[in-house]
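Subject: Structure handover

Hello,

Here is the structure I promised to pass on. Please open it first, then read my notes below.

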Protein chains: 2
Amino acid sequence: MTKRAPRRTDGLSKELIVKAAAEILDEGGEAALTFRALTARLSTGYGAIYHHVANKSDLLAAATDDVIARVLSDVVVDAEPREALRTVALGLFDAIDAHPWVGAQLSREPWRPALLDIYESIGGRLARLDVPDRALFDAAGALVNYVLGVAGQNAANARLLAADEADRTAFLTSVSDRWASLDPAQYPFVHKAATQLREHDDRQQFLAGVDIFLAGIATLHQTPYS
Amino acid sequence: MTKRAPRRTDGLSKELIVKAAAEILDEGGEAALTFRALTARLSTGYGAIYHHVANKSDLLAAATDDVIARVLSDVVVDAEPREALRTVALGLFDAIDAHPWVGAQLSREPWRPALLDIYESIGGRLARLDVPDRALFDAAGALVNYVLGVAGQNAANARLLAADEADRTAFLTSVSDRWASLDPAQYPFVHKAATQLREHDDRQQFLAGVDIFLAGIATLHQTPYS
DNA sequence: CACAAGTTTGGATCGACGTTCCAACCGTGC
DNA sequence: GCACGGTTGGAACGTCGATCCAAACTTGTG
């Protein structure tokens, strides 16, 4: 006669579950989020969780929407558009840097509310930069895709680094050495870039990319579509 | 007494396995590639496959390297750099469009040979565009990340569309309708962009993004780092 | 030609995962 | 005090990647 565990007194809710999921993701990465780990942390069963959440994708999407919404709402509304765009981009970068699983999720299921908000936040501010209407859609898509690309890279890096700073520099020098030892005849660019790879700062490089993009956008007024 | 299946006469090899894996991926998407499906197609056992391949990541990476190497080697070497860059970018786009699993893999494990070749191909041609040395690294990173972002998006779209053209337009109009029905006060940009979303061409939009980056990169000569 | 050593293959098996299903539990209205 | 529906806990199922080992073949050596 095995007794059943006592029923929880406080009610469960989707928010509670999403919060617990985000904690697990932050602590152990994407691989750590399993329904078993969730039931353990919430001391409940599968049934309770599936009653509030459709499936694992739903859970990941909800957690991602949470993070992104927080980032975007933090940006001051009436800042100068060009500066606001850099703030939005950097905010997204930092959030994805702190929660790499967000980056992976954004490039895996891009049709959820989180990406909608990102498009609005970026596209709306581009419009205030006097980007011609016909180019606005393409420009917003390009910038969002650049952010998503960096997001995916960050997530991938976090997946094989244990978020340890010593690991990071060790990894960077090891890759840099491998790049440097490549045949300069076959890989001239990568060979030369090895030094900069070791010394570069992800965040600064990301911002440099945003600036390149913004500079490209600025040329769109002068030379409208032919 | 169950007899063991007869041993295969022709030898297995990593190339053969990678080829079979690529076929399965093209036919059924990423979810279809399982070791069980592989053993069935090659009519062999798990042991034989694991003898030539370390694990599933290794297999996916090898298949991806194959596709990317083929694309990059097709680009004419001595074309005008600016045009060559557009050719490289479009080649990558088309390859990822034809094999969406490549896109997913590139944003999941970006430290493999495939990405190295992409960096070389793009960075090398940027160097011939007289991009200043100090900006070259950032510029190449930006362009590669843009390509990776689009790659991830393409892979995600392919994951929920069955590669059916009718599905695609139906999906596009359905999303477009949802965008159009959003509150214009809360989502002014997305609301307005709904029409262009329905009518847009992924390939052209991708190229427009490449041109924006190239235009931004062109400004780097005139205003060197301060 | 024999036979040992090494390589390649086939498939049983393992543990973990997402998900389904259902009995037990509890609050609420009658 | 009793039925009923929204909730909860956990056993069970099917599938996956991966491991492991014996059988089947190849190669080298005398």
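How many residues of chain B are in contact with chain A? The count is 41 residues of chain B, in contact with 41 residues of chain A. Please keep in mind throughout that this is a predicted model.

**How the two chains meet**

Several helices build the side of chain B that touches chain A. Helix 6 (100–108), helix 7 (113–127), helix 8 (133–160), helix 10 (188–199) and helix 11 (202–222) of chain B each supply at least two residues. Helix 8 of chain B gives the largest share, 13 residues. Sorted by class, this side of chain B has 23 nonpolar, 14 polar and 4 charged residues.

Does chain B use a separate surface or the same surface as chain A? The copies meet through the same surface, because 100% of the interface residues of chain B are also interface residues in chain A.

The geometry is simple to state. Chain B superposes on chain A by a rotation of 180° with 0.0 Å of shift along its axis. The RMSD is 0.1 Å. That is the relation of a two-fold axis.

**Chain A as a whole**

Now take chain A by itself. Its secondary structure comes to 11 helices and 0 strands. From the N terminus on, every element in the run is therefore α: α-α-α-α-α-α-α-α-α-α-α. Strike my "therefore" there: the order is simply how the elements of chain A run. My question about the surface also lacked its reference, which is the interface overlap of chain B with chain A.

The C-alpha atoms of chain A fill a box of roughly 80 × 50 × 25 Å, taken along the principal axes. Chain A has 226 residues, and 38% of them count as buried. Consider contacts in chain A with a separation of 6 or more. Residues 24 or more positions apart account for 65% of these.

**A helix pair in chain A**

Look next at helix 4 (residues 56–73) and helix 5 (residues 81–98) of chain A. They pack at an angle of about 145°, with their axes 9 Å apart. The crossing of helix 4 and helix 5 of chain A is right-handed.

Which residues meet there, between helix 4 and helix 5 of chain A? Helix 4 brings A:Val67, A:Val71 and A:Leu72. Helix 5 brings A:Val88, A:Gly91, A:Leu92 and A:Ala95. By class, this contact has 6 nonpolar, 1 polar and no charged residues.

**The core**

The largest nonpolar core has 124 residues. Those with the most contacts inside it are A:Ala21, A:Ala139, A:Phe213, B:Ala21, B:Ala139 and B:Phe213.

A:Phe213 is worth a click. What is A:Phe213 in contact with, leaving aside its neighbours within four places in sequence? In chain A, the partners are A:Ala142, A:Leu143 and A:Tyr146. In chain B, they are B:Ile212, B:Phe213 and B:Gly216.

**Two buried leucines**

Start with A:Leu126, found in helix 7 (residues 113–127) of chain A. A:Leu126 counts as buried because it has 24 C-beta neighbours inside 10 Å. Not counting residues up to four places away in sequence, A:Leu126 touches A:Val131, A:Leu136, A:Ala139, A:Ala140 and A:Ile217. A:Ala142 is 16 residues from A:Leu126 along the chain, and their C-alpha atoms are separated by 12 Å.

Then go to A:Leu220, in helix 11 (residues 202–222) of chain A. A:Leu220 has 23 C-beta neighbours inside 10 Å, so it counts as buried. Not counting residues up to four places away in sequence, A:Leu220 touches A:Val131, A:Pro132, A:Ala135 and A:Ala139. A:Leu220 and A:Ala139 are 81 residues apart along the chain. Their C-alpha atoms are separated by 9.5 Å.

**Two loop residues in chain B**

Most residues other than glycine have a negative phi. Two residues of chain B are worth checking against that.

Where does B:Ser43 lie? B:Ser43 is in the loop between helix 2 (35–42) and helix 3 (46–52) of chain B. Its phi is near 40°, a positive value in a residue other than glycine. Is B:Ser43 buried or exposed? B:Ser43 counts as exposed, because it has 10 C-beta neighbours inside 10 Å.

B:Asp130 lies in the loop between helix 7 and helix 8 of chain B. B:Asp130 is not a glycine, yet it has a positive phi of about 65°. With 11 C-beta neighbours inside 10 Å, B:Asp130 counts as exposed.

Best wishes

Note on methods. Residues are numbered from 1 along each chain as its sequence is written. Chains are lettered from A and ligands numbered from 1 in the order in which they are written. This is a predicted model: local features need pLDDT of at least 70, side-chain atom pairs count only at pLDDT 80 or more; totals for chains, interfaces and linings use all residues. A nonpolar core is a set of buried Ala, Val, Leu, Ile, Met, Phe, Trp, Tyr and Cys residues joined through C-beta atoms within 7 Å. A residue is buried if 20 or more other C-beta atoms lie within 10 Å of its own, exposed if 12 or fewer, and partly exposed in between; C-beta atoms are placed from the backbone. Two residues are in contact if their C-beta atoms, placed from the backbone, lie within 7 Å. Copies are superposed by least squares on the C-alpha atoms of residues with pLDDT of at least 70 in both. Helices (H or I, at least four residues) and strands (E, at least two) are DSSP runs, numbered from the N terminus. Ala, Val, Leu, Ile, Met, Phe, Trp, Tyr, Cys and Pro count as nonpolar, Asp, Glu, Lys and Arg as charged, and the others, Gly among them, as polar. Axes are lines fitted to C-alpha atoms, for helices over the stretch in contact, and angles run from 0 to 180 degrees between N-to-C directions. A crossing is left-handed if the near helix is turned anticlockwise from the far one by less than a right angle, and right-handed if clockwise.
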